[in-house]
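Thank you all for making the time this morning. I would like to walk through one model with you, slowly, and I will try to keep to what its atoms say.

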Amino acid sequence: DTRPGSHAVLAASSYVQCSSPLRRYGDLLTQRQIIAALRNQPPPLSKSSMQRIMSRYAQTLRRYRALDRKARRYFCLLWLAHRGLGTRLRAQLVEDPARKGRTLAFAVDVALEIELKRYSGPVGQWVDLEIEAIDPTQDQIQALVHPCPL
């Protein structure tokens, strides 16, 4: 419906759900297939058509998610740049999923992965990062690492 309605679970008198059409396209296709089956009608899409459409949908969704991650990272770096050099972040060392054996610092308060070029410690170790250089337009951040006392 295009008008707000009530939502019993959230106990809200008015509720409207909206999200990216990309996230709901697969659901829409599935619903049309199910409705046709319930009405004893032939499915609107053949199995091969459905597979082809969903394959394109998956590719588009991957590109969208990659762009979304890049935009979120950019705005996080921009926010940190405005806070200024010397800003401190608490982070935990994690294994780099793209390159086994390398560690990243995951700044928990801002949900940001930071590559550490001059520091290597055991995965799981907590550290304090001090921002020493940042350029959101180039997706670059450098931080000094201060081990946390036990």
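I will begin with the overall make-up, then take the long helix, the sheet and two loop residues in turn.

Please keep in mind throughout that this is a predicted model. The protein has 2 helices and 7 strands, and read from the N terminus the elements come in the order β-β-α-α-β-β-β-β-β. Of its 150 residues, 25% count as buried, and the accessible surface comes to about 11,100 Å², with 54% of that belonging to carbon and sulfur atoms. If we take the contacts between residues at least 6 apart in sequence, 45% of them join residues at least 24 apart.

Let me turn to helix 2, which covers residues 47–83 and has 37 residues. From the first C-alpha to the last, helix 2 reaches 53 Å, which is close to the 54 Å expected at 1.5 Å a residue. Which residues of helix 2 are buried? They are Ser49, Met50, Ile53, Tyr57, Leu61, Cys76, Leu77 and Leu80. When looking at such a list it helps to recall that an α-helix has 3.6 residues a turn, so residues three or four places apart point the same way. Just after helix 2 comes Gly84, whose phi is positive, near 100 degrees.

Met54 is also found in helix 2, but Met54 counts as partly exposed, because its relative accessibility is 26% and the buried class ends under 20%. Leaving aside residues up to four places away in sequence, Met54 touches Gly26 and Leu29. The C-alpha atoms of Met54 and Tyr25 are separated by 8.9 Å, although these two residues are 29 apart along the chain.

The structure holds 1 aromatic pair. Tyr74 and Phe75 form an edge-to-face pair, because their ring centres are 5.0 Å apart and their planes stand at 75 degrees. Of these two residues, Tyr74 is partly exposed at 31% relative accessibility, whereas Phe75 is exposed, with a relative accessible area of 53%.

Now to the sheet. Here 5 strands form an open sheet in the order 5-4-3-6-7, with antiparallel pairing. The edges are strand 5, residues 112–115, and strand 7, each of which pairs on one side only. On average, and ignoring direction, neighbouring strands of this sheet are turned by 45 degrees against each other. Where does helix 2 pack? Helix 2 packs on the sheet, touching strand 3, strand 5, strand 6 and strand 7, and its direction makes about 75 degrees with that of strand 5. Strand 6 and strand 7 pair in the antiparallel sense over 8 bridges, and Leu144 in strand 7 is the bridge partner of Glu130.

I will finish with two loop residues and their backbone angles. Most residues other than glycine have a negative phi. Asn40, however, is not a glycine and has a positive phi of about 55 degrees; Asn40 sits in the loop between helix 1, residues 21–38, and helix 2, and it counts as exposed at 74% relative accessibility. Asp139 also has a positive phi, near 55 degrees, and lies in the loop between strand 6, residues 126–135, and strand 7, residues 140–147. With a relative accessible area of 43%, Asp139 is partly exposed.

Key: Residues are numbered from 1 along each chain as its sequence is written. This is a predicted model: local features need pLDDT of at least 70, side-chain atom pairs count only at pLDDT 80 or more; totals for chains, interfaces and linings use all residues. Side-chain values use heavy atoms; hydrogens and water are left out. Helices (H or I, at least four residues) and strands (E, at least two) are DSSP runs, numbered from the N terminus. Buried means under 20% relative accessible area, exposed over 50%, partly exposed in between (1.4 Å probe, protein chains only). Contact means heavy atoms within 4.5 Å. Accessible areas come from the Shrake-Rupley method with a 1.4 Å probe; for residues, only the protein chains shown count as cover. The expected span of a helix is 1.5 Å times one less than its number of residues. Rings of Phe, Tyr and Trp (its six-membered ring) pair if their centres lie within 6.5 Å; planes under 30 degrees apart count as stacked, over 60 as edge-to-face and the rest as tilted. Two strands pair if DSSP finds at least two bridges between them. Axes are lines fitted to C-alpha atoms, for helices over the stretch in contact, and angles run from 0 to 180 degrees between N-to-C directions.
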